[in-house]
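Q: Could you zoom in on a single part of this model for me? I'd like to know how it's put together and how covered it is.

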Amino acid sequence: MANMDRRTFIQLSGAGSVVGAAMAATGQENPQTPAPGLAVGNPVVMAPRTDGVEIVWRVSGLAKGYVEYGTSKDLGNVARSDGWGLRPAGKEVIRVRLEGLEEGTTYHYRVITEGFDTKTPALETGPLRSFRTLSASAESTSFCVWNDTHKHDETIRNLASITPASDFLLWNGDVSNDWNREGEVAEAVLTPGGAGSGVDFTGESPLLLLRGNHDVRGILAHQVEDYVAMPDGKPWYAFRSGPVAFICMDTGEDKSDNHPYLFGRAACEPMRIEEAAWLEKIIERPGIRNAPYRVVFCHIPLRWTDEETDHGFDYFSERSRKLWHGSLVKWGAQIVVSGHTHQDAYIEPTDAFPYAQLVGGGPKMPQARLITGNANGEELVFRVLDLAGKEVRRIPFSPLA
Ligand SMILES: [Fe+2]
Ligand SMILES: [Fe+2]
């Protein structure tokens, strides 16, 4: 069976039974060794940087793997160490971090997935794919934003179908509702849109993810960091792409850490304080400090249209704003792009809040919104589109420097 056919067959049929049958047919069955795992779905290109990315892919059982890559389709380089002297391996997912790459460069790659049978390990060679590293020095950049998909497969498939290729896709939180079932983190983050949907959401744009309040909920929320690669290890980060500096903040829960609903699992208050200390420093970093455009992403808005009414839960993250507002104003943030409220909204800058607040849509098809951004030397333009691709909002900014 050809590699692609075999992978499709596994996706459609359920991994365990197919792998078991394949082993029995080749006489590899051995109760002392785990069943080999094979790739499930498309590899996901995450955590793009100017000098690397991380390739993360699902497997159907314990497997090891590596990545072949290069600037031509001949590849020529191999990344096969996890940095601890072992081959990257896992029962659900394999992660391979590529470093030392050239800025703003297209790389071709493929993932190789191997079982753990020592005599004749099952081996699967993935198809040739590509990604592009970020460029801090490019004259222009483009990006797309999803938010609050909440595992609504139809919405995700439709969002994917209208999402153009760009320098990165920012998934702005509430990927989930909560994490309580083994396996669902890998499913939701790496193969979104439903089993066998084939949604190839990082085929043309690498992924950056920010957690939403729902992504820190559930007894398995601590597993998210095992499946989501971040540029710098923490769930918040900053980077430059072309003329735009992006600061990506994790607003955490929308409730106090001691709220009874959270069962003592949340510790977002110390995290937001740590982010505040980091933010104070990052706004001084060359390239961030003096960027022509300055954009913040965070799941929960920092402003809302009606901040006085008691909605029963937080429409905006007052806790985050109290900690971060001073630094954001000092930096000259032009816009904060968020989700969370499930209502697309735009709030103009004011004297008190000199950054605009853009909010995308919700998980249901009529609410869902794709946000795109395009920046060059003349302007940075945000567009908000519904799932029919109709532009419902257009917000231009002039460069600051
Ligand atoms: Fe949400
Ligand atoms: Fe939310």
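A: Sure. Strands here are DSSP runs of E with at least two residues, numbered from the N terminus (helices are H or I runs of at least four), and two strands pair if DSSP finds at least two bridges between them. This is a predicted model, with local features needing pLDDT of at least 70, side-chain atom pairs counting only at pLDDT 80 or more, and totals for chains, interfaces and linings using all residues. Residues are numbered from 1 along each chain as its sequence is written, while chains are lettered from A and ligands numbered from 1 in the order written.

Let's look at the hairpin made by β20 and β21. Strand β20 covers residues 380-385, and six bridges tie it to β21 in an antiparallel pairing. To pick out one of those bridges, F382 is partnered with I395 in β21. Five residues sit between the two strands, and in that turn G389 has a positive phi of about 85°. As for cover, β21 (residues 391-397) hardly gets any: none of its seven residues is buried (buried means 20 or more other C-beta atoms within 10 Å of the residue's own, exposed means 12 or fewer, partly exposed is in between, and C-beta atoms are placed from the backbone).

For context, there's also an open, mixed sheet of six strands, ordered β13-β14-β15-β16-β18-β17. Its edges are β13 (237-241) and β17 (345-347), each pairing on one side only. Within that sheet, β14 (residues 244-249) and β15 (residues 293-298) run parallel, joined over six bridges, and F246 has V295 of β15 as its bridge partner.
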